[in-house]
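Q: I am new to this structure and would like a close look at one part of it. Please start from a single residue and work outward, explaining the terms as you go.

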Amino acid sequence: PSFSKGDFVINNKDCEGVIVDYIDASKVLIEFLDDNKFRNYFEAKDIREGVFRNPFIPTLSGIGYIGNGIHTARVNGKICPAYKAWSGMFTRCYDERHLSIRPSYRGCEVAKEWHDFQVFAEWYKGHKFFNKGYHLDKDILVRGNKVYSEDTCCLVPPSLNTSVGIRVNNKDAYVGCVSLDKRSGTFNSSICKFGKSIYLGSYKGEVEATEVHLKAKKEYMRELAIIYKDKVTDRVFNALFNWDV
């Protein structure tokens, strides 16, 4: 079909729009009929096939959308690191299959402003270490944090992310590191350092065993801060160096 100014159209995602202007078959201006009123030029053949895209329609977990801007999911045909990090947040927070495997993420969420990939990518690419293959972390800066946001997140080396091992729920800081020895009735205390479990001793009470673990954890965090000082931002360094219960 041919198109004219004022015609209503719909794409294959059931997004409705109206033709605002028709220059020629390669330049048709459409305004989408949602709250964002996004406008863009499309080719007539794409309109006929329903493949003209509204960047404000969610593509991840029913809330994450690409948005209007310079940042794209792919660069030179490959998925870019910013998009991998962005989509990973939604998987951890909202994908039921992932949550069944990692239930500690249940209840976590992505801040509303980061539903827009453009906003997240701007933050990500503005980070000092964005091009170093770092991991997105939401637990180091804010203890017990449940929200992925600009104020709570940072990028850290993969090895640091693994070494820190901070759990989503901060009251679980010592889970797995203090255990009851049923034969003796005492509590064993340990700490995981650089991927290895280190025995810290046996104690009469759980509180004492926990205190020993947390003291060792604090020292370990300070050690990590010094090791990674030149590879993280000052904010991350201070969070690690001053880590406490």
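**Around a cysteine and its neighbourhood**

A: Let's begin with Cys192, which is partly exposed, at 42% relative accessibility (buried means under 20% relative accessible area, exposed over 50%, and partly exposed in between, with a 1.4 Å probe and protein chains only). Before going on, please keep in mind that this is a predicted model, in which local features need pLDDT of at least 70, side-chain atom pairs count only at pLDDT 80 or more, and totals for chains, interfaces and linings use all residues. Residues are numbered from 1 along each chain as its sequence is written, and side-chain values use heavy atoms, with hydrogens and water left out.

A cysteine invites a question about bonding: how many disulfides does the structure hold? The count is 0, where a disulfide is a pair of cysteine sulfur atoms within 2.5 Å. For Cys192, the nearest cysteine sulfur belongs to Cys177 and is 7.2 Å away, and Cys192 is in no disulfide. Cys80 is unpaired because the closest cysteine sulfur, in Cys153, is 17 Å from its own, too far for a bond. Cys80 is also buried, at 4% relative accessibility, whereas Cys192 is partly exposed.

Staying in this stretch of the chain, look for Phe194 in the loop between strand S12 (186–193) and strand S13 (196–203). Strands (E, at least two residues) and helices (H or I, at least four) are DSSP runs, numbered from the N terminus. Phe194 has a phi near 50 degrees, a positive value in a residue other than glycine. Most residues other than glycine have a negative phi. Phe194 is partly exposed, with a relative accessible area of 41%.

Another loop residue makes a good companion. Asp14, found in the loop between strand S1 (8–10) and strand S2 (16–24), also has a positive phi, near 65 degrees. Asp14 counts as exposed, at 62% relative accessibility.

Now move to strand S11 (residues 178–181), where Val178 lies. Val178 is buried, with a relative accessible area of 14%. Which residues does Val178 touch, not counting residues up to four places away in sequence? They are Phe187, Asn188, Glu206, Ala209, Thr210 and His213, where contact means heavy atoms within 4.5 Å. Along the chain, Val178 and Glu208 are 30 residues apart, yet their C-alpha atoms are 9.8 Å apart in space. For another pair, Ile23 and Thr59 are 36 residues apart along the chain, and their C-alpha atoms are separated by 30 Å. Ile23 has its place in strand S2 and is partly exposed, with a relative accessible area of 45%.

To finish, step out to the interior. The largest nonpolar core has 26 residues, and Trp86, Met89 and Phe120 have the most contacts inside it. Such a core is a set of buried Ala, Val, Leu, Ile, Met, Phe, Trp, Tyr and Cys residues joined through side-chain atoms within 4.5 Å. Helix H2 (81–94) and helix H4 (117–125) each supply at least two residues of this core, and the largest share, 7 residues, comes from H2. Apart from this core lies another, of 20 residues, among them Tyr220, Tyr228, Val236 and Leu240. Back in the largest core, Phe120 touches Ala82, Ala85, Trp86, Met89, Trp114 and Leu136, again leaving aside residues up to four places away in sequence.
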